[in-house]
Protein chains: 8
Amino acid sequence: GIAKIDHHRSLRLGLPEVIYAAGKTPEQVAEIFVRMAAAGGDVIATRAGADAFAAVRARVPVAVYHEQARIVGLRQSRPAEDAGRIAVVCAGTSDLPVAEEAAVTAEYLGLTVDRVHDVGVAGLHRLLAQGEVLGRAQAVVVCAGMEGALPSVVGGLVAAPVIAVPTSVGYGAAFGGVAALLGMLNSCSPNVAVVNIDNGFGAAYVAAMIVRS
Amino acid sequence: GIAKIDHHRSLRLGLPEVIYAAGKTPEQVAEIFVRMAAAGGDVIATRAGADAFAAVRARVPVAVYHEQARIVGLRQSRPAEDAGRIAVVCAGTSDLPVAEEAAVTAEYLGLTVDRVHDVGVAGLHRLLAQGEVLGRAQAVVVCAGMEGALPSVVGGLVAAPVIAVPTSVGYGAAFGGVAALLGMLNSCSPNVAVVNIDNGFGAAYVAAMIVRS
Amino acid sequence: GIAKIDHHRSLRLGLPEVIYAAGKTPEQVAEIFVRMAAAGGDVIATRAGADAFAAVRARVPVAVYHEQARIVGLRQSRPAEDAGRIAVVCAGTSDLPVAEEAAVTAEYLGLTVDRVHDVGVAGLHRLLAQGEVLGRAQAVVVCAGMEGALPSVVGGLVAAPVIAVPTSVGYGAAFGGVAALLGMLNSCSPNVAVVNIDNGFGAAYVAAMIVRS
Amino acid sequence: GIAKIDHHRSLRLGLPEVIYAAGKTPEQVAEIFVRMAAAGGDVIATRAGADAFAAVRARVPVAVYHEQARIVGLRQSRPAEDAGRIAVVCAGTSDLPVAEEAAVTAEYLGLTVDRVHDVGVAGLHRLLAQGEVLGRAQAVVVCAGMEGALPSVVGGLVAAPVIAVPTSVGYGAAFGGVAALLGMLNSCSPNVAVVNIDNGFGAAYVAAMIVRS
Amino acid sequence: GIAKIDHHRSLRLGLPEVIYAAGKTPEQVAEIFVRMAAAGGDVIATRAGADAFAAVRARVPVAVYHEQARIVGLRQSRPAEDAGRIAVVCAGTSDLPVAEEAAVTAEYLGLTVDRVHDVGVAGLHRLLAQGEVLGRAQAVVVCAGMEGALPSVVGGLVAAPVIAVPTSVGYGAAFGGVAALLGMLNSCSPNVAVVNIDNGFGAAYVAAMIVRS
Amino acid sequence: GIAKIDHHRSLRLGLPEVIYAAGKTPEQVAEIFVRMAAAGGDVIATRAGADAFAAVRARVPVAVYHEQARIVGLRQSRPAEDAGRIAVVCAGTSDLPVAEEAAVTAEYLGLTVDRVHDVGVAGLHRLLAQGEVLGRAQAVVVCAGMEGALPSVVGGLVAAPVIAVPTSVGYGAAFGGVAALLGMLNSCSPNVAVVNIDNGFGAAYVAAMIVRS
Amino acid sequence: GIAKIDHHRSLRLGLPEVIYAAGKTPEQVAEIFVRMAAAGGDVIATRAGADAFAAVRARVPVAVYHEQARIVGLRQSRPAEDAGRIAVVCAGTSDLPVAEEAAVTAEYLGLTVDRVHDVGVAGLHRLLAQGEVLGRAQAVVVCAGMEGALPSVVGGLVAAPVIAVPTSVGYGAAFGGVAALLGMLNSCSPNVAVVNIDNGFGAAYVAAMIVRS
Amino acid sequence: GIAKIDHHRSLRLGLPEVIYAAGKTPEQVAEIFVRMAAAGGDVIATRAGADAFAAVRARVPVAVYHEQARIVGLRQSRPAEDAGRIAVVCAGTSDLPVAEEAAVTAEYLGLTVDRVHDVGVAGLHRLLAQGEVLGRAQAVVVCAGMEGALPSVVGGLVAAPVIAVPTSVGYGAAFGGVAALLGMLNSCSPNVAVVNIDNGFGAAYVAAMIVRS
Ligand SMILES: Nc1ncnc2c1ncn2[C@@H]1O[C@H](COP(=O)(O)O)[C@@H](O)[C@H]1O
Ligand SMILES: Nc1ncnc2c1ncn2[C@@H]1O[C@H](COP(=O)(O)O)[C@@H](O)[C@H]1O
Ligand SMILES: Nc1ncnc2c1ncn2[C@@H]1O[C@H](COP(=O)(O)O)[C@@H](O)[C@H]1O
Ligand SMILES: Nc1ncnc2c1ncn2[C@@H]1O[C@H](COP(=O)(O)O)[C@@H](O)[C@H]1O
Ligand SMILES: [Mg+2]
Ligand SMILES: [Mg+2]
Ligand SMILES: [Mg+2]
Ligand SMILES: [Mg+2]
Ligand SMILES: [Mg+2]
Ligand SMILES: [Mg+2]
Ligand SMILES: [Mg+2]
Ligand SMILES: [Mg+2]
């Protein structure tokens, strides 16, 4: 077979495996989706284009497509009440796809998500006005491209872990997210940990682990 | 004055500010240490050499020195009971200083720490024998240099967030920790978040945030 | 002429030259293929698209196309019996094209190949279940992208040389295979040697040299 | 001779040439210092150690040494009244040497300098309290290491050009100032321009050009 | 809403916010353009393609398109007389789009702009013939790709701040503008500050800040 | 304890574990050496300075020091007859320490070693004169710094696998061995695999695996 | 005008300016071509596609197109007899476009060119057979991608300057020509100088300068 | 022996081999020096410290030491009359050691050398005043650190090949000569070829080849 699905994972980790659709054909995505759905839990495929969704829907008609997040999802479980709350924050309009990948993933993992958008550090009053929302989050996912300064500023405002997601937004010396990545790794706020460039999925997964742990 | 101490931080973040002794003279370290100690809480200075410790002890005789961790500490609070438990894991003997920076910091932040050493992935049986210790941790800090593969393997074994710390151990194409850093950022285990190279302190701080959140 | 075919090579090295089709026109590939086929041995062209295959088949109708491996091949020799056995291992589904380039090349070079797929380190039980297959290999080719940790783990399990092939699978800080490459160069398993990113062909060639030497 | 002093420069640029002492022997520094002093204007040498100062003072007894800035200076002109006012801001205590190189250079170039120290973005209230000082500056020099986020935040608060100076403060993925440099080049505040890592001198020179232009 | 427009900015900074059209849909650009135009001042969108212009013009018929600069603009204010004069200089014909982004932005910000084109350092007489134009500029924006040497040479000729813009013109070891960027950061002319690769907009904004400060 | 010695390894891999002395104190090296010696086999420590040797000899008087190779060794087994033969080739005099680390390690692993020195590609006749020695090797270890071209040339001459070791010899754009490393990874000879910069030990270990496999 | 043609250059340098067509519209190329042709000498445009040639031919019907070299040329002068002879050598078939850019440029600059193709270092006998051709060259241009080893080997065989041209041929760790570039910069043959990746034009120009000087 | 001296080289290349003393012990340098001197020609060792010179002088008393160039030399031949003339140009005082390595090497290779120092591009009049000296050179070696712009400017002024030598002078984003190296590789003057960072020796060798060819 093309894949050895790690069904053990939800036993070992308490959270299900997730399909990474990039570099797979629509047929491969649909095939794995069907096999995982048969196990009875929730299923999501990230980095999924419209064609992957079409292939999945042909076999799993109730699957839904979150376009901006590029996620195909299937809800089969009943979400736990009060499973925890996080905030997903982004610096600019162009960071939205990554932020939505994080937010939608987190919702499938059972979390309640507050979205805070377009609060880049060049106009601080916009962020400072969001104190209440930030204050109630058990973990904060912060997505930013260009200089990636937002996690440091958010980190100084909240009593919660910050998961920083560098985005590939920017040009020239942004180097496809490297400038933001380095900024976040060197954050002067000590409550900041970092995931890969554009990895909204991973940030949500870590946040879910945090909220549950 | 040479520094504007951020006394607000323990209010805002629930954890105290920490002195980063690198690039400060022993006298500067001692001066800031005294001013922070006067506030009544615990105080630690990381990246502190023997001379910084001497300068601190001259003014704060009860301060202690954790040599391998390079931390000068002062305990003034009574640790909370049952504040949470983490594991600090390292791949090889040479990663010990970074692992100890994490472990000692975590203890000052009130956590109970299990240490698991020299369990690199080239001899898996050593790690697999530690299942019980790993299983009871609310967060796992994993320090590794060279190829930095250990967090991915640990991440696949535990139902907790993994804070990965690349170390500068290695030579040649290890590039002072860059190989390990990249490995960790690209971990195929989704419960892994990363801090800066050799940043044991930051990993412990994030872990404490996680345990408390 | 466009090429000086190194007919001496199979005398000097014991293995034939191979056509690298990338950056050549289909006509150039076919022309060189024909000239090499005329010498009477096996011929393969790697990195060959469907158009290159069409051009070759027009002139050498018995040539076959290995699509996933992107190899055009012509078998004219009778494979030696018992020429040796290797394993080709890969971490994830997306690494398959590189793994197949290695496996098909190895088969044309006369080896018996065991394929072990989708055994990434985040779910170790999948790899540990393959002990018997790994144990009978005279050399193991291991293909992995992202953090490239698999060769270190395999290296610790087998008493054979491991040829590690970093793949360009991943995104962001994977840097097109660089993260995996650095991880493999810094492997803490000492029986690991490395070839270029995505170079399944080279890994197979080295493996054949090992088995014959 | 060892040097062709560009006496034309103060005619062409309105500001004198400055001696870069790094990589010159104390004797070479002193020799050039004397020749420039003979022209009657102010003279400064940057990146000058104690030995360079000793060599200069032996021949120019009224020269003074600014230790933290590592500048040897000679004042022969009368500063113009009201030549302009800038602020020199830095993120942390370790950035002080670079900030002082900027501040002292600016003072020799005739400017009035307000110093604002230790106002890193992890504790925003410290910076926000400096509104008045920032508001009266005609240009703001901002020095920061690690993630280099401060210029973006300052840039959003002031109606003046910001000259950002990345410093080599930090470790690991700070890469000797590269993380801060990239952050500043990608600032989301459009009034930010950047000079070389640790180049306090250049920032002051540009600021003086701005104030005079 | 998709964006939190920072209307405060023109109060705080004295210059209006600008729409960065890259990574936004034509509809998003038009929507933000309309909302900003309603505030009554001038509006520009940079990095705007023909489709973004079409979407804007459908709703704001008097908007104009500066094709080479890729800027959509709307003039609603009356330019101040005598607001200041800058020069925009470029090294080669291929640098023109970046130079025009700078020049058109500067004109919308109220400046008078002298354009000096194709004066690369390999034929110095072309630049030396422009002394008068350079001499009357209050700030000089210099755009150059390849080795990026022009700002150093211009910096040695003028008594004004030089804003250097590395362009992505070149190939091979030009690395998309990195060679020019590094050259400019290391300029031996001390009156040079640098913005991001291809950031003509930012250079103009800094120049406007300089001229007004 | 400071280390979990992997005694299983010689069972699993057929070759013993080796002590990496860099980053360990002389006492730690001696302690581990003694514990491994007690198991009865051969023991070596690589990257060992004179002080590490002194600490070992104090407790294991028959241990010997290979100075150029920086290896401390203890022979307790009887070498197998006819265990296999390799060649260790180096490009220049400065590559000798790395070549000796490879040669001495190989000898402790039971191989017979032919040394071929100072045969860099700028004077080909020196290499071409060594055909007989190269021809009898079952594997060839090739050490070269600077442009690292030697493995490609050797690879074209022998019917055996070539293990290429880039060395940190060179300056400027050699980047501490990176130029040689990249050259070797891109070798146009397909029988070349690569280990880390200066990793003579790893090359010998892979060669021993090859010869035994 | 779009360009300030440097007509002085052929006076100052003894060789004419050359049009770099990349990043110029066909019309711009044609316009500059016409203006330069009017001066009466030879004209060439490099990096010219078929559309640029069409635009030129519409206005200069006798212009010719060298397709593999991507050069549009116009011969108006009479080549000097006996202007000098160079060799253009390349490692593999894929390097031919760069080699032809060099060879055709050199012919327009008046040189006689010997072409030596497909003589990569993995099959040395092919190069060694070209001794006579190499021996009569006054300068040797050597084009190679991948590990870029050929200039070192050629440099050791000839008593002439070698101009090395790294090509972007290769994949993975070839990094678009960087591996070859670094190899050539670190050549152990001291008679090697280097030009930019894929810069066949520049190599020919330098060779022409050498032959005439 | 430690070295295979390439006595053939002066036959093949027309110029003698040269000892690279870096990474060799004084005794090794002396030993090779003596053996080469015995062949009767000129001998030089580059990168030689005072201790290497002492070791050589003990055995070859007439050897001389060029301190700034760090070259030990022995003249045994009679220089040819009229062997050719080059210029060695440098940008700043700190580039002098590299420039002298070039100049002294060239003199031992039989050339007449004009030295032109401290003519960096920020003060162009200094360079423009040297037209006559530059004009009579058959090749021009140009050494510059920081932005490395000088070769482009010189290249536009002379009708001769320019050998550019990037130097490691500078700090921060100079990256030990990389900024200068990239600048020179991307020179807009087509008569520029480049050697390794700080490789004054190589530049002189290439220049000698040019002058003789
Ligand atoms: N061409 C440009 N390059 C860099 N920044 C720009 C450019 N055009 C506009 N901006 C900035 O981008 C910011 C808007 O970003 P966003 O919130 O994503 O629309 C504004 O603050 C502008 O100052
Ligand atoms: N010179 C060397 N380079 C790289 N790895 C080595 C070297 N010497 C020993 N090793 C490996 O390092 C491991 C021991 O590391 P440690 O646990 O830190 O002592 C062993 O598995 C050896 O295979
Ligand atoms: N293929 C090429 N690579 C690099 N430089 C070139 C090339 N062709 C022409 N040139 C140079 O580019 C300059 C013309 O640039 P431009 O002013 O943009 O037309 C001329 O001075 C040529 O020396
Ligand atoms: N300063 C230098 N930089 C680069 N190469 C040099 C230098 N001095 C001598 N060489 C070369 O180094 C080679 C000698 O290297 P080795 O065999 O290690 O002594 C000779 O071929 C010289 O051409
Ligand atoms: Mg915005
Ligand atoms: Mg160990
Ligand atoms: Mg899988
Ligand atoms: Mg502080
Ligand atoms: Mg031009
Ligand atoms: Mg040698
Ligand atoms: Mg070929
Ligand atoms: Mg100077």
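What follows looks at two chain interfaces, one helix and one loop glycine in a predicted model.

Some ground rules come along with the prediction: local features need pLDDT of at least 70, side-chain atom pairs count only at pLDDT 80 or more, and totals for chains, interfaces and linings use all residues. Residues are numbered from 1 along each chain as its sequence is written, chains are lettered from A and ligands numbered from 1 in the order in which they are written, and side-chain values use heavy atoms, with hydrogens and water left out.

Chains B and C make a neat starting point. Chain C lands on chain B after a rotation of 180° with 0.0 Å of shift along the axis, at an RMSD of 0.0 Å; the fit is by least squares on the C-alpha atoms of residues with pLDDT of at least 70 in both copies. The two copies are thus related as by a two-fold rotation axis. Within chain C, Ala149(C) has the C-alpha nearest that axis, 2.6 Å from it.

Contact here (heavy atoms within 4.5 Å) links 22 residues of chain C with 22 residues of chain B. Because 100% of the interface residues of chain C are also interface residues in chain B, the copies meet through the same surface. The size of an interface is often given as the accessible area lost when the parts come together. Between chain C and chain B the buried area (accessible area, 1.4 Å probe, that two parts lose on being put together, summed over both) is about 1,900 Å², with carbon and sulfur atoms giving 71% of it. Ala122(C), Glu147(C) and Asn186(C) supply 31% of what chain C buries against chain B, more than any other three residues.

As for specific pairings across this interface, there are zero salt bridges, taken as a side-chain nitrogen of Lys or Arg within 4 Å of a carboxyl oxygen of Asp or Glu. Polar contacts do turn up, in eight residue pairs with both at pLDDT 80 or more. Such a contact is a pair of N or O atoms within 3.5 Å; within protein, one must be able to donate a hydrogen and the other to accept it, and residues adjacent in sequence count only if both atoms are side-chain atoms. On the chain C side, α7 (150–155) and α8 (178–185) each put in at least two residues, and α8(C) has the largest share, with four. Helices (H or I, at least four residues) and strands (E, at least two) are DSSP runs numbered from the N terminus.

Chains G and H give a second interface, with 30 residues of chain H in contact with 30 of chain G. Here about 2,400 Å² is buried, 65% of it from carbon and sulfur atoms. Salt bridges again number zero, and three residue pairs, both at pLDDT 80 or more, are in polar contact. Chain H offers two or more residues from each of α1 (8–13), α8 (178–185), β9 (192–194) and α9 (200–212), with α9(H) giving the most, six residues.

In chain E, helix α9 (residues 200–212) runs for 13 residues and spans 18 Å between its first and last C-alpha, close to the 18 Å expected at 1.5 Å a residue (1.5 Å times one less than its number of residues). Twelve of those 13 residues are buried, so α9(E) is largely enclosed by the rest of the structure. Among them are Phe201(E), Tyr205(E), Met209(E) and Ile210(E). Buried means under 20% relative accessible area, exposed over 50% and partly exposed in between (1.4 Å probe, protein chains only).

Finally, Gly120(A) sits in the loop between β6 (112–116) and α5 (125–128) of chain A. Gly120(A) is buried, at 6% relative accessible area, and touches Ala91(A) and Arg126(A), leaving aside residues up to four places away in sequence.
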